[in-house]
Amino acid sequence: MGSGEGNAKVYALSEVAKHSSREDCWLIINGKVYNVAKFLEDHPGGDEVLLAVTGKDATDDFEDVGHSSTARAMMDEYYVGEIDVSTIPTKVKYSPPKQPYYNQDKTSDFIIKILQFLVPLAILGLAVIVRIYTKAA
């Protein structure tokens, strides 16, 4: 009476990330966690590609390659549990670089603009103060 798939264990991303060696190699595909250590040598795409995505959400990489239904059926053998989706940072998801740069960097751009304005002012102010003191002496 072991644990069936009905009560799958849920892992945090940090837990999955600990399993990142050849002997203990976990990755995440479509919200499921797989231990692919036994499959490394048999993977048609080579073991490097699997090792490169350990401890990460490899869904996009997996889908981009276009795996067969046979490959997908084999995955059940390596299934260890589910991923706690809230522990995956949204940055992992790839978004085309159309707009994100404006939104993310607005605050830092604003700070840079202020500094570009304030730093020369500060230098100018210092120069004026130095000139006043040197004239006074």
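Three aromatic pairs make a good way into this chain: the count comes to 3, where rings of Phe, Tyr and Trp (its six-membered ring) pair if their centres lie within 6.5 Å, and planes under 30 degrees apart count as stacked, over 60 as edge-to-face and the rest as tilted. One of them joins Tyr34 and Tyr79 edge-to-face, with 6.1 Å from centre to centre and 70° between the planes. Tyr34 belongs to strand E3 (residues 32-35) and Tyr79 to strand E4 (residues 79-83), so this pair ties together parts that are 45 residues apart in sequence. Helices (H or I, at least four residues) and strands (E, at least two) are DSSP runs, numbered from the N terminus. The model is a predicted one, in which local features need pLDDT of at least 70 and side-chain atom pairs count only at pLDDT 80 or more, while totals for chains, interfaces and linings use all residues. Residues are numbered from 1 along each chain as its sequence is written, and side-chain values use heavy atoms, with hydrogens and water left out.

Another pair is made by Phe39 and Tyr78, whose ring centres are 5.4 Å apart with the planes at 40°, so this pair is tilted. Phe39 lies in the loop between E3 and helix H2 (47-52), and Tyr78 in the loop between helix H4 (69-74) and E4, so the contact links parts that are 39 residues apart in sequence. How accessible are these rings? Tyr34 is buried at 6% relative accessibility, Phe39 is buried at 13%, and Tyr78 is buried at 12%. Here buried means under 20% relative accessible area, exposed over 50% and partly exposed in between (1.4 Å probe, protein chains only). Of the 137 residues of the chain, 23% count as buried.

The wider setting can now be described. The chain holds 5 helices and 4 strands, and from the N terminus on its elements follow the order β-α-β-β-α-α-α-β-α. The 4 strands form an open sheet in the order E1-E4-E3-E2, with mixed pairing; two strands pair if DSSP finds at least two bridges between them. Strand E1 (10-11) and E2 are at the edges with a single partner strand each, so one side of each has no neighbour in the sheet.

Strand E2 (residues 26-29) and E3 run antiparallel and are joined by 4 bridges, with Leu27 having Tyr34 in E3 as its bridge partner. In the hairpin of these two strands, 2 residues lie between them, and Asn30 takes a positive phi near 50°. E3 also pairs with E4 in the antiparallel sense, over 3 bridges, and here Tyr34 stands opposite Tyr79. E1 and E4, by contrast, pair in the parallel sense over 2 bridges, and Tyr11 stands opposite Ile83 in E4.

Away from the sheet, attention turns to the surface. Phe110, Ile111, Ile114, Leu115, Phe117, Leu118, Val119, Leu121, Ile123, Leu124, Val128 and Ile132 form a nonpolar surface patch with about 1,200 Å² of accessible area together. Patches are made of residues with over 30% relative accessible area and no salt bridge (a side-chain nitrogen of Lys or Arg within 4 Å of a carboxyl oxygen of Asp or Glu); like charges are joined within 9 Å and nonpolar side chains (Val, Leu, Ile, Met, Phe, Trp, Tyr) within 5 Å. Accessible areas come from the Shrake-Rupley method with a 1.4 Å probe, and for residues only the protein chains shown count as cover. Val128, one of the patch residues, is found in helix H5 (residues 100-136) and is partly exposed at 44% relative accessibility.
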